[in-house]
Each structure stands twice: as C-alpha cells, then as structure tokens.
Amino acid sequence: MDLLLKGKTAIVTGGGAGIGAGMCETFAEEGVNVVIADFRPLEDTEKQAKELAEKYGVGTLAVRIDVSNPEDVERMFKEAVEKFGTVDILMNNAGKMGVNKIEDVTIPELRKYEAVNIEGIFMTCKEMVKLHRSQGKKNSWIVNTVSKSAFSTNSGGNSPYIATKGAVASFTRGLATEVGREGIYVNGIIPGYVITETTKNIPDGGKRSEAMKKIIPIGREAEPKEIADVAVFLCSPKACQVMGVLMDVSGGTML
Ligand SMILES: NC(=O)c1ccc[n+]([C@@H]2O[C@H](COP(=O)([O-])OP(=O)(O)OC[C@H]3O[C@@H](n4cnc5c(N)ncnc54)[C@H](O)[C@@H]3O)[C@@H](O)[C@H]2O)c1
C-alpha cells in the first residue's frame with residue numbers, strides 16, 4: 001500500500017537510537033524528508049542523517065536538541081522550516097525511562113521525568129500547531145510515544161515514568177479533541193517491550209528476554225522497526241479515520 005507520504009517532512013525526536021531510529025528509517029523508505037532530533041553528540045546524528053540520505057535519496061537534517069528545553073524546540077522547528085519549507089509530521093518519541101522506587105523519588109528527580117516526558121511533548125506540539133496555523137496547512141500529523149507501563153505494569157518501581165507516560169496518553173486524547181477539526185491528527189502508540197540498546201543494558205538484560213516470552217502473547221519482544229512501521233502508518237492520509245487513538249503495539253502485552 002502506498003502511504004502517500006512521499007515528499008513530506010517529519011521530525012523524529014529521540015531519532016538517534018532505538019524506536020526513533022526505526023521511525024527515521026521507515027520514513028526514509030517512504031520518501032519522507034527526515035529531521036533527526038536527538039541530544040546525543042551532533043556528529044553521530046549527522047552520520048546517521050548522511051547514511052539515510054544516501055540510501056533512500058531523501059532530504060535529512062540532524063539537530064542536537066534536548067526536548068525539555070523550549071529554546072531547543074523552537075530552534076529545531078526553525079531549522080527544519082528553513083531547510084524543508086514546512087514540517088508535516090511530528091513524532092514525539094524521545095522519552096526519559098528509568099527505575100525509581102517510590103521511597104527514593106525526590107522532587108528534582110521527578111521533575112526530570114516531567115521535563116522530558118510532559119513539558120517536552122507539550123512544547124513540540126505547541127510549535128507544530130503554531131506552524132500548521134501560520135502556514136494554513138490542510139493536514140498535519142502528531143504521534144506521541146506512550147508506554148504500556150502507563151496502563152499496566154508487572155515490574156513496579158518506576159512510578160515517575162509510569163505517571164508521566166500516563167500524562168502523555170491523556171494529553172494525546174485531549175489535544176486530538178482540541179485541534180482535530182483543524183486537520184491536525186493526534187494519535188499515540190503504546191509499545192510494550194522493545195529491544196533497544198537501552199533495554200539491552202538494563203540489569204538482567206539477558207534473562208529479561210526469556211521472562212518476556214511468558215508474558216507477551218506473541219512470545220517475543222519487539223524490534224524497534226516493528227513499532228516504527230505502525231507509527232508511520234498513523235501519519236498517512238490512508239489512516240484518515242484514526243484520530244485520538246492510543247494504538248497498542250505491545251504484541252498483546254496489554255491484554
Ligand atoms: N524500549 C522499550 O521497551 C519501550 C517501551 C515502551 C515505551 N518506550 C518509549 O519509546 C521511546 C523511545 O524509547 P527507546 O527504547 O527507543 O529509547 P532509546 O534509549 O533506545 O533511544 C532514545 C533516544 O532518545 C534520545 N533522547 C533521550 N532523551 C532525549 C531528550 N531529552 N531530548 C532529545 N533526545 C533524547 C536518546 O539520545 C536516544 O537516542 C521512549 O519515549 C520510551 O519511553 C520504549
């Protein structure tokens with residue numbers, strides 16, 4: 001199926017690794033110009049951008065950004081518009097993950113989660129809506145990365161993460177209601193267990209996969225690209241009846 005995305009421009013926050021890198025690749029496969037926004041060293045992101053451009057013949061732009069910094073967010077949109085003229089798609093994928101037992105949660109630590117997982121998403125969405133209105137666009141697409149932890153958790157011990165991802169879920173639905181009539185599609189995806197460098201490096205990473213097979217109905221963790229493909233579909237005009245949905249891409253873990 002042609003997703004009708006050729007020539008569009010997408011920003012992917014946290015696009016440098018894991019699920020975000022998968023999203024960048026899927027967009028490039030679909031002929032979409034990709035803005036890879038990440039807070040790792042810029043030269044790493046530039047290398048990734050060059051490789052995608054050479055492999056798929058799309059335009060790419062590497063931006064160093066911390067999504068929790070509103071000035072970085074504004075600069076990212078400015079640079080993207082300078083290079084590509086507009087931004088059609090925003091993938092709010094960057095997120096702060098971690099384990100914090102409730103007795104260890106301090107206000108400064110909690111605020112770090114809030115800053116990335118809530119404020120970051122608010123600010124990028126605000127810039128996207130402003131751009132949509134100022135350019136009189138017919139359609140724009142936003143996809144926010146939630147987590148199955150927002151709804152069900154079998155590990156516990158990560159309440160700041162769970163709480164802030166719960167906020168992403170409710171914000172997604174609220175924003176869809178607020179701006180949907182203007183042609184801005186706002187949806188979310190709910191990954192379960194995804195194999196990335198970060199999750200590979202968690203303590204007991206090796207045993208985790210074995211345990212996951214028992215928990216996940218499809219019997220295995222997800223590859224980043226498998227999450228990315230569904231997220232990119234949500235940005236297609238072919239998904240024009242999908243609005244304000246939190247799409248479960250957890251291999252049935254949510255069941
Ligand atoms: N991996 C999983 O099992 C899983 C499950 C559910 C939800 N998620 C969510 O998916 C998203 C991506 O997770 P992942 O596992 O691919 O992560 P990852 O750690 O593999 O990659 C995240 C990327 O985001 C970048 N990043 C982190 N904080 C940033 C910030 N403040 N500003 C800009 N860039 C930033 C990192 O540099 C990195 O390149 C997150 O929102 C996470 O909460 C992941």
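Guide: Helices here are DSSP runs of H or I with at least four residues, and strands are E runs of at least two, numbered from the N terminus. The model is predicted: local features need pLDDT of at least 70, side-chain atom pairs count only at pLDDT 80 or more, and totals for chains, interfaces and linings use all residues. Residues are numbered from 1 along each chain as its sequence is written, and side-chain values use heavy atoms, without hydrogens and water.

Visitor: Which helices each supply at least two residues of the shell around the ligand?

Guide: α1 (18-29), α5 (159-179) and α6 (197-200) do.

Visitor: What makes the contact of aspartate 38 with the ligand a polar contact?

Guide: A polar contact is a pair of N or O atoms within 3.5 Å; within protein, one must be able to donate a hydrogen and the other to accept it, and residues adjacent in sequence count only if both atoms are side-chain atoms. A polar side-chain atom of aspartate 38 lies 2.5 Å from a ligand oxygen atom. Therefore the pair qualifies. For aspartate 66, a polar side-chain atom lies 3.0 Å from a ligand nitrogen atom.

Visitor: Why is strand β3 called largely enclosed?

Guide: Buried means under 20% relative accessible area, exposed over 50%, and partly exposed in between, with a 1.4 Å probe and protein chains only. Four of the five residues of β3 (residues 60-64) are buried, so the rest of the structure largely encloses this strand.

Visitor: How do you know that β2 and β3 pair?

Guide: Pairing needs at least two DSSP bridges between two strands. Five bridges join β2 (residues 33-38) to β3, and the two run parallel. So they pair. Isoleucine 36 stands opposite alanine 62 in β3.
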